[in-house]
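Please open the structure in your viewer, and keep a selection panel at hand so that each stop below can be picked out in turn.

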Amino acid sequence: MSVFSILWPNRFKKRSKFIPVFPKQYVRAEVRMIKTARNLKEINQGVEDGFDPFILAIKPNPEIKHHIGLMRHKKYGTYSEFKQMRGDDVGDDYIMTHRIEYYPYFFEPHYAAYLLPKDIKVGEFVWLEDLIQDLEGDYVFCNVSRAKSGPACWTGERFILDLEFIKRRRSFILG
Amino acid sequence: MIYDFQLKKLYSNEGIFIKDVICPFKDPKIERIGNLNSEVNCTQCTRNLLVTTGLSDSQVIDWVSKQEHPCLAIDLNDQNLTVINNPIY
């Protein structure tokens, strides 16, 4: 037992070396849905209903951001904004002046919990209905939104998310 | 706009047919080019793409009529779009 493990016991905790092999497709009848509780009232309601809450902190991902452009009229000097930016072309009357980045989401308690059923097994694939982790989802032009839901595997201590499925999933139909 | 999920056809809100939404490639995807430039490409071919987020019906019909090989990227989260599972008659 070293000095570091006394100072930071959580960092040197042994993690299970469970590596899941994700399937290519999920059957809806076989995969269970797991709900998220976003505040204390929902967490305590889940405990009363027989669930086991798994609490996580909410951390914003710096790669998720939306843009707003401000443009100024050449003759009158008034400003106006445009949200869905398709390039820097704003017409002959306007000049592009500012380009503002912002994080578009806000979660009021900075924690949330997955409500686990008590008979969940190690290595079971589940569908997380409302993701707590911030992952890149859809993007339209330069606006990157967060992924809303996705599949994951329960290792007994934590969830391993199926990142490739979330990347592959698209909300656009091409043709 | 109205998208028919079964027949893969796109209509305007008044029921006028716009386009068949069929791609011959297996897994077409949208790809972002660069960081801040707002250009969008398809990974499979180099045709012109139009992303329909925030566009009205008449803007889409105008663009489709001008192009030789039009290709649409229909945003399923758009407020202007309704997805149905039955054909319109």
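The tour starts with chain B, crosses to chain A by way of a pair of strands, and ends at the nonpolar cores. Keep in mind throughout that this is a predicted model.

Begin by selecting chain B alone and colouring it by secondary structure: there are one helix and eight strands, and, followed along the sequence, they are laid out as β-β-β-β-β-β-α-β-β. Of the 89 residues in this chain, 10% count as buried, and among its contacts between residues at least 6 apart in sequence, 42% join residues at least 24 apart.

Next, select residues 49–51, 57–66 and 71–75 of chain B, which are strand β6, helix α1 and strand β7 respectively. Together β6(B), α1 and β7(B) make a right-handed β-α-β unit, in which β6(B) and β7(B) pair in the parallel sense over three bridges; to find the register, show B:L49, whose bridge partner in β7(B) is B:C71.

Keep β7(B) on display and add residues 172–174 of chain A, which form strand β13. Here the pairing passes from one chain to the other, since β13 of chain A and β7 of chain B are joined in the antiparallel sense over three bridges, and A:F172 has B:D75 as its bridge partner.

Now move to chain A and select β1, β8, β11 and β12, four strands that form an open sheet in the order β1-β8-β11-β12 with mixed pairing. Because β1 (32–34) and β12 (159–161) stand at the edges with a single partner strand each, one side of each is left without a neighbour in the sheet. Neighbouring strands of this sheet are turned by 40 degrees against each other on average, direction ignored. Within the sheet, zoom in on β8 (residues 124–128), which runs antiparallel to β11(A) and is joined to β11(A) by five bridges; A:W127 stands opposite A:P151 there.

Which residues have the most contacts inside the largest nonpolar core? Select A:I34, A:A37, A:A113, A:Y114, A:L115 and A:L128, which hold that place in a core of 13 residues. Both β7 (111–117) and β11 (150–154) of chain A supply at least two residues of this core, and β7(A) gives the most, with four. Centre the view on A:A37, which, leaving aside neighbours within four places in sequence, is in contact with residues including A:E42, A:P53, A:A113 and A:L115.

Finally, look for another core lying apart from that one: this second core has 10 residues, among them A:F172, A:L174, B:Y3 and B:V60.

Key:
Residues numbered from 1 in each chain as written. Chains lettered and ligands numbered in written order. Predicted model: local features only at pLDDT ≥ 70, side-chain atom pairs only at ≥ 80, totals over all residues. Buried ≥ 20, exposed ≤ 12 C-beta atoms within 10 Å, placed from the backbone. Contact = placed C-beta atoms within 7 Å. Core = buried A, V, L, I, M, F, W, Y, C linked by C-beta atoms within 7 Å. Pairing = 2+ DSSP bridges. Right-handed = clockwise from strand over helix to strand, strands pointing away. Axes fitted to C-alpha atoms, helices over the stretch in contact; angles between N-to-C directions.
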